[in-house]
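User: I should like a close look at one part of this structure, followed by an account of the parts around which the chain is built. Please explain it for a first-year student.

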Amino acid sequence: MARGLIEPERVPYPRPRADWVRMLVDRRISDRSSVPATQPRPVLYVVACGAPPADQLPSFVGFAQEQGWDVCVIATPYGVKFLDAAALEDLTGHPVRSEYKDPAEPDVLPPADAIVVAPATFNTVNKWAQGISDTLALGLLNEAVGLGLPLAAVPWTNAPLAAHPVFLRSITVLAEWGVRVILDLAQLPPATGGPDAFPWDGLRVELAELRRVLEASLEP
Ligand SMILES: Cc1cc2nc3c(=O)[nH]c(=O)nc-3n(C[C@H](O)[C@H](O)[C@H](O)COP(=O)(O)O)c2cc1C
């Protein structure tokens with residue numbers, strides 16, 4: 001293991017209960033009527049928080065699409081400031097959502113089959129681990145934990161914040177819930193900033209694992 005790599009005890013994703021699996025399958029059928037039955041594309045939500053790597057999302061989104069995912073980008077209200085929403089909407093064909101919809105409005109995105117959070121800020125990591133839902137992104141992430149969806153997160157914050165005891169506890173909590181946490185403390189920038197070593201390659205590898213877990217959970 002690389003020095004400084006946080007590798008919380010690997011726990012398997014919680015296997016969804018049979019009725020959840022049924023519900024997921026039903027959603028796949030009812031919500032994708034426009035998708036040919038022979039080519040169902042699983043839906044990946046990419047949640048972007050307010051940190052600089054969010055502006056590198058198009059490359060990862062393109063990779064996920066090549067892997068067969070229908071990608072939707074969700075940003076936190078701060079995350080919106082760090083990315084090019086119009087470019088991502090062109091790329092994905094879906095609006096970049098960041099706010100809860102009005103109660104009467106219909107859902108504009110297909111439901112997620114898996115979610116990755118990249119970059120995941122100190123703020124959102126800590127709130128997620130507490131079950132706080134004060135942004136759309138957190139609401140979706142908290143629901144996803146309850147549904148047992150495959151989840152991965154790439155926390156990205158400066159080194160002093162990453163050493164905060166609450167952050168370390170939050171990471172451990174998320175890992176205990178089955179969230180795949182991709183974090184190498186030795187690669188985080190110092191407080192003064194530094195070279196960008198965001199682990200996109202590690203996330204690409206994890207995406208294949210999310211797909212494997214999703215397919216296993218949908219087996220009868
Ligand atoms: C230029 C700039 C860079 C930032 N970079 C980071 C970062 O790398 N990691 C982080 O956790 N917060 C970073 N922040 C602070 C977050 O944007 C801030 O905590 C915000 O409340 C996060 O909200 P969110 O978690 O809802 O996205 C940065 C802020 C600014 C203005």
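How do the residues of the shell around the ligand divide into nonpolar, polar and charged?

Analyst: The model is a predicted one. In the shell around the ligand, six residues are nonpolar, eight are polar and none is charged. The shell holds 14 residues, of which C49, G50, A51, T76 and T121 come nearest to the ligand.

The account may now turn to the interior. The largest nonpolar core contains 57 residues, and Y45, V46, A48, V73, I115 and V117 have the most contacts inside it. In soluble globular proteins, nonpolar side chains tend to be buried together. Y45 may serve as an example: setting aside its neighbours within four places in sequence, Y45 is in contact with C72, I74, A112, I115 and L140.

One of these partners, L140, is also one of the buried residues of helix α5, together with A137, L138, L141 and A144. Seen down the axis of α5, these buried residues fall within an arc of 160 degrees, so they line one face of the helix. They pack against the strands β1 (43-48), β2 (70-75), β3 (114-120) and β4, and against helix α4. Helix α5 itself comprises twelve residues (136-147), and its first and last C-alpha atoms are 16 Å apart, close to the expected 16 Å. Just after α5 comes G148, which has a positive phi of about 75 degrees.

Helix α7 may be described in a similar manner. It has twelve residues (165-176) and reaches 17 Å from its first C-alpha to its last, close to the 16 Å expected. S170, I171, L174 and A175 are the buried residues of α7. Because they cover an arc of only 135 degrees around the axis, they lie on the same side of α7. Their cover includes α4 (122-129), β4 (151-155) and β5 (180-181). On the other side of α7, P165, R169 and E176 are exposed. The helix is followed by G178, whose phi is positive, near 105 degrees.

A final residue gives a contrast with the buried ones. A86 lies in helix α3 (residues 85-92). Is A86 buried or exposed? A residue counts as exposed if 12 or fewer other C-beta atoms lie within 10 Å of its own; A86 is exposed because it has 9. The C-alpha atom of A86 is separated by 8.1 Å from that of V96, although the two residues are ten apart along the chain.

Conventions. Residues numbered from 1 in each chain as written. Predicted model: local features only at pLDDT ≥ 70, side-chain atom pairs only at ≥ 80, totals over all residues. Near = placed C-beta within 6 Å. Nonpolar A, V, L, I, M, F, W, Y, C, P; charged D, E, K, R; others polar. Helix = DSSP H or I, 4+ residues; strand = E, 2+ residues; numbered from the N terminus. Buried ≥ 20, exposed ≤ 12 C-beta atoms within 10 Å, placed from the backbone. Core = buried A, V, L, I, M, F, W, Y, C linked by C-beta atoms within 7 Å. Contact = placed C-beta atoms within 7 Å. Expected span 1.5 Å × (residues − 1). Arc of directions from axis to C-beta.
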